[in-house]
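Here are a few notes from going through the charged side chains and the main pocket. Have a look at the model and see whether you read it as I do.

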Amino acid sequence: MGSQINTAFQEIVSLAKSNSPHFLTRFREVYPLFCDKIIEIYPEIQNSELTFCAYLRLNFTTKEIANSIFVTTKTVQMRKYRLRKKLNISSDTDIYIWISNL
């Protein structure tokens with residue numbers, strides 16, 4: 001079972017790094033509870049925001065996210081800031097820890 005989880009994780013990371021259109025679909029299959037909790041907290045979340053949360057859940061750094069989705073690190077920082085506002089995450093809370101605790 002452990003190797004199946006590891007294989008699925010590697011597959012998701014690979015899809016994320018290549019900015020694949022299948023990334024979010026596969027992520028939702030592997031982490032259904034995570035997606036449900038985010039949607040419960042923020043029902044009007046858009047797929048692009050959910051995808052961004054998925055990158056954070058996979059522990060991608062700001063630079064890794066920027067490289068994967070072809071934007072600047074400043075853009076990623078702004079998205080983190082906006083996401084914090086929408087999910088009501090205080091500025092003194094580490095967003096990575098908050099996301100991984102869902």
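1. Start with the ion pairs: this predicted model holds three salt bridges. Two of them share Arg26, since Glu11, Arg26 and Glu29 are linked in a network.

2. Within that network, Arg26 reaches Glu11 with the closest N and O atoms 3.0 Å apart. That pair links distant parts of the chain, with Arg26 in helix α2 and Glu11 in helix α1 (residues 2-17), 15 residues apart. The other partner, Glu29, also meets Arg26 at 3.0 Å, N to O, but here both residues sit in helix α2, three residues apart, about one turn of the helix. As for accessibility, Arg26 is partly exposed at 22%, Glu11 is partly exposed at 33%, and Glu29 is exposed at 52%.

3. The remaining bridge joins Glu49 and Lys86, with N and O 2.4 Å apart at the closest. Glu49 lies in helix α4 and Lys86 in helix α6, so the pair ties together parts 37 residues apart in sequence. Glu49 is buried at 12%, while Lys86 is partly exposed at 39%.

4. Which side chain of opposite charge is nearest to Arg84, buried yet without a salt bridge? Asp94, at 5.8 Å. Arg84 belongs to helix α6 (residues 73-87), and its contacts include Ile89, Ser90, Thr93 and Asp94.

5. Finally, the largest pocket has a volume of about 150 Å³. Its lining includes Phe23, Leu24, Phe52, Tyr55 and Arg79. Helix α4 gives the largest share, four residues. By type, the lining divides into six nonpolar, five polar and one charged.

Definitions and conventions: Residues are numbered from 1 along each chain as its sequence is written. This is a predicted model: local features need pLDDT of at least 70, side-chain atom pairs count only at pLDDT 80 or more; totals for chains, interfaces and linings use all residues. Side-chain values use heavy atoms; hydrogens and water are left out. Helices (H or I, at least four residues) and strands (E, at least two) are DSSP runs, numbered from the N terminus. Buried means under 20% relative accessible area, exposed over 50%, partly exposed in between (1.4 Å probe, protein chains only). Lys and Arg count as positive and Asp and Glu as negative; His and the chain ends are not counted. A salt bridge is a side-chain nitrogen of Lys or Arg within 4 Å of a carboxyl oxygen of Asp or Glu. Contact means heavy atoms within 4.5 Å. On a 1 Å grid over the protein atoms alone, a cavity is a set of points where a 1.4 Å probe fits but cannot get out, and a pocket is an open set with protein on both sides within 12 Å along at least five of seven lines; lining residues have an atom within 4 Å of a point. Grid points are joined across faces, edges and corners, and a volume is the space filled by probe spheres set on the points. Ala, Val, Leu, Ile, Met, Phe, Trp, Tyr, Cys and Pro count as nonpolar, Asp, Glu, Lys and Arg as charged, and the others, Gly among them, as polar. Lists of a residue's contacts leave out its neighbours within four places in sequence.
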